[in-house]
Amino acid sequence: MNTFSSEDRLNYILLFLADKFGVRNADGTIDFPSFITYAKLGELASVSISHAPNIVKNLQAQDIISIKKKNWVLKQPSQIPVSLPYHFDQWI
């Protein structure tokens, strides 16, 4: 993943975390666990703490992710742009 842009790494980590730790809802959205923060996301994706919120805000502007207080919800998992396609359950 070292060759991917910071945005691609962060998006990929978002999908991975949603798949492994998220709670899937009946409407197709995924609730992230409470430990997900900009700092933790940046750390896992090797993205600076100051850059991680900018990338996530771009996803918010596209209505792909919603963040209200500490509740992170992935509204449209298939719409997250990544260079290397992520398939849910590929790591089983």
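User: In this model, H2 and H3 pack at an angle of about 105 degrees, with their axes 9 Å apart. What makes the pair roughly perpendicular?

Analyst: The angle of about 105 degrees is set against fixed bands: under 35 is roughly parallel, over 145 roughly antiparallel, 65 to 115 roughly perpendicular, and the rest oblique. H2 and H3 are therefore roughly perpendicular to each other. Axes are lines fitted to C-alpha atoms, for helices over the stretch in contact, and angles run from 0 to 180 degrees between N-to-C directions. The contact is made by Tyr-38, Leu-41 and Gly-42 of H2 and by Ala-52, Pro-53, Val-56 and Gln-60 of H3. Contact means heavy atoms within 4.5 Å.

The model is predicted: local features need pLDDT of at least 70 and side-chain atom pairs pLDDT 80 or more, while totals for chains, interfaces and linings use all residues. Numbering starts from 1 along each chain as its sequence is written, and side-chain values use heavy atoms, without hydrogens or water.

User: How many residues of each class make the contact of H2 with H3?

Analyst: Five are nonpolar, two are polar and none is charged. Ala, Val, Leu, Ile, Met, Phe, Trp, Tyr, Cys and Pro count as nonpolar, Asp, Glu, Lys and Arg as charged, and the others, Gly among them, as polar.

User: How do you know the relation between H1 and H2?

Analyst: Use the angle again. The axes of H1 and H2 cross at roughly 110 degrees and come within 9 Å. H1 and H2 are therefore roughly perpendicular to each other. H1 brings Arg-9, Leu-10, Ile-13, Leu-14 and Leu-17 to the contact, and H2 brings Leu-41, Leu-44 and Ala-45. By class, that contact has seven nonpolar residues, one charged and no polar.

User: What makes a stretch a helix or a strand here?

Analyst: The assignments are DSSP runs numbered from the N terminus: H or I over at least four residues for a helix, E over at least two for a strand. H1 covers 6-21 and H2 covers 38-45. H3 covers residues 52-61.

User: How do you know that the buried residues of H3 line one face?

Analyst: Start with the list. Ala-52, Pro-53, Ile-55, Val-56 and Leu-59 are the buried residues of H3. Seen down the axis, they fall within an arc of 160 degrees, so they line one face of the helix. The arc is taken from the directions between the helix axis and the C-beta atoms. These residues pack against H1, H2, S3 (65-68) and S4 (71-74).

User: What puts the buried residues of H2 on the same side?

Analyst: Leu-41, Gly-42 and Ala-45 are buried in H2. They cover an arc of only 100 degrees around the axis, which puts them on the same side of the helix. Among the elements that cover them are H1, H3 and S4.

User: Is Phe-32 buried or exposed, and how do you know?

Analyst: Phe-32 has 8% relative accessibility, so it counts as buried. The cut-offs are under 20% relative accessible area for buried and over 50% for exposed, with partly exposed in between (1.4 Å probe, protein chains only). Phe-32 lies in the loop between S2 (30-31) and H2. Leaving aside neighbours within four places in sequence, its contacts include Leu-14, Leu-17, Ile-65 and Trp-72.

User: What about Asp-63 and Lys-69: what class does each accessibility give?

Analyst: Asp-63, at 38%, counts as partly exposed. Lys-69, at 82%, counts as exposed. Asp-63 sits in the loop between H3 and S3, and Lys-69 in the loop between S3 and S4.

User: What makes the phi of Asp-63 and Lys-69 worth a remark?

Analyst: Most residues other than glycine have a negative phi. Asp-63 is not a glycine, yet its phi is positive, about 60 degrees. Lys-69, also other than glycine, has a positive phi near 60 degrees.

User: Why are S1 and S3 called edge strands?

Analyst: The open sheet has four strands in the order S1-S2-S4-S3, with antiparallel pairing. S1 (23-24) and S3 each have a single partner strand, so one side of each is left without a neighbour in the sheet.

User: How do you know that S3 and S4 pair?

Analyst: Two strands pair if DSSP finds at least two bridges between them. Four bridges join S3 to S4, and the two run antiparallel. One of the bridges links Ile-65 to Leu-74 in S4.
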